[in-house]
Amino acid sequence: MRKIIVGMTGASGSLLTIRTLEALRDVADVETHLVLSAEAARTLELEVPGRSAADLERLADVVHHHANLAAPISSGSFLTAGMLVVPCSMKTASAIAHSYNDNLVTRAADVTLKERRPLVLVVRETPLHVGHLRTLVQLAEIGAVILPPIVGFYTQPKTIDDVVNHTVGKALDQLGVEHNLFARWSGA
């Protein structure tokens, strides 16, 4: 069973987290470990009326509280196939870049990097100033995959779901998770 950690921060993009968890539920050999930052639940309520943190938690196999720095996912001895932070706020990105492990999202991400496992950050900020860019370069230099939710127009998206599925599919590709979330480019 491949264990995949999904971290959700307070950045805009709750639909990305929901779709990620839905897609991973469809993969028989994946066990998801979800951790929501302190602000994630509030953002979810603002962006997806009628959905709560409890609804999101029901999509995961295991849920960890953001303040529990003694959770299994805080240790490198807990074997995982990697971690997705989706969406990833610049605050969280900065904390990860500087190993500032004050919550379980950043601690699990730091462990993922130190163990040389895939860490995919779906960074949700625009426009970016030089400080943001330096943080993202530092993260890439220490092994993180920076995967902002950028529209793949070649897929000819018609709905928000098409855009969300493309981003989530690209993130899952980084962890080697097979999916059918978007049509792959096969040439002109």
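Thr92 is found in helix H4, which covers residues 90-97. The model is a predicted one. Thr92 has a relative accessibility of 8%, so it counts as buried. What does Thr92 touch beyond its neighbours within four places in sequence? Its contacts there are Thr9, Val85, Val105 and Thr106.

Thr9 also appears among the contacts of Cys88. Cys88 sits in strand S4. Its relative accessible area is 0%, and the residue is therefore buried. Leaving out residues up to four places away in sequence, Cys88 touches Thr9, Ala11, Ala93, Leu121, Val122, Val123 and Arg124. Gly13 is 75 residues from Cys88 in sequence. In space, the two C-alpha atoms are 8.7 Å apart.

Two of the contacts of Thr92, Val105 and Thr106, lead on to helix H5. This helix runs over residues 104-114. Is H5 mostly enclosed or open? Nine of its 11 residues are buried, so the rest of the structure largely encloses it. The buried residues are Leu104, Val105, Thr106, Ala108, Ala109, Asp110, Val111, Thr112 and Leu113. They pack against strands S1, S2, S3, S4 and S5, and against helix H4.

Strand S2 is enclosed in a similar way. Six of its seven residues are buried, so the rest of the structure largely surrounds this strand. S2 has a parallel partner in S1, joined to it by seven bridges. In this pairing, Arg2 stands opposite Val30 of S2. How does the chain get from S1 to S2? It crosses through H1, and this β-α-β crossover is right-handed. S2 also pairs with strand S3, residues 62-64. That pairing is parallel too, over three bridges. Here Val35 has His64 in S3 as its bridge partner.

Now step back to the whole chain. The protein has seven helices and six strands. Along the sequence they follow the pattern β-α-β-α-α-β-β-α-α-β-α-β-α. The C-alpha trace spans about 50 × 40 × 30 Å along its principal axes. A compact globule of 188 residues would have a radius of gyration near 16 Å. The protein has 15 Å, which agrees. Of its 188 residues, 48% count as buried. Take the contacts with a separation of 6 or more: residues 24 or more positions apart account for 75% of them.

Next comes the nonpolar interior. In soluble globular proteins, nonpolar side chains tend to be buried together. The largest nonpolar core here has 32 residues. Which members touch the most other members? They are Leu24, Leu56, Leu84 and Leu172. Several elements give two or more residues to this core. The strands among them are S1 (2-8), S2 (30-36), S4 (82-88) and S5 (119-123). The helices are H1 (14-25), H2 (40-47), H3 (53-57) and H7 (160-174). H1 supplies the largest share, five residues.

Leu172 shows how this core is knit together across the sequence. Setting aside neighbours within four places, Leu172 is in contact with Ala23, Leu24, Leu84, Val177, His179 and Leu181. Two of these, Leu24 and Leu84, are themselves among the core members that touch the most others. Another core lies apart from this one. It has 23 residues, among them Phe78, Met90, Ala97 and Leu139.

The last stop is an aromatic contact. The count comes to one aromatic pair. A pair of aromatic rings is described by the distance of the centres and the angle of the planes. The partners are Tyr154 and Trp185, with ring centres 5.8 Å apart. Their planes stand at 85°, over the 60 degrees that marks an edge-to-face pair, so the pair is edge-to-face. Where do the two residues lie? Tyr154 is in the loop between strand S6 (145-146) and H7, and Trp185 is in the segment after H7. The pair therefore ties together parts that are 31 residues apart in sequence. Tyr154 has a relative accessible area of 41%, so it is partly exposed. Trp185, at 57%, is exposed.

Terms used: Residues numbered from 1 in each chain as written. Predicted model: local features only at pLDDT ≥ 70, side-chain atom pairs only at ≥ 80, totals over all residues. Heavy atoms only, no water. Core = buried A, V, L, I, M, F, W, Y, C linked by side-chain atoms within 4.5 Å. Buried < 20%, exposed > 50% of the residue type's maximum accessible area, 1.4 Å probe, protein only. Helix = DSSP H or I, 4+ residues; strand = E, 2+ residues; numbered from the N terminus. Contact = heavy atoms within 4.5 Å. Phe/Tyr/Trp six-rings, centres within 6.5 Å; stacked < 30°, edge-to-face > 60°. Pairing = 2+ DSSP bridges. Right-handed = clockwise from strand over helix to strand, strands pointing away. Rg over C-alpha atoms; globule rule 2.2 N^0.38 Å.
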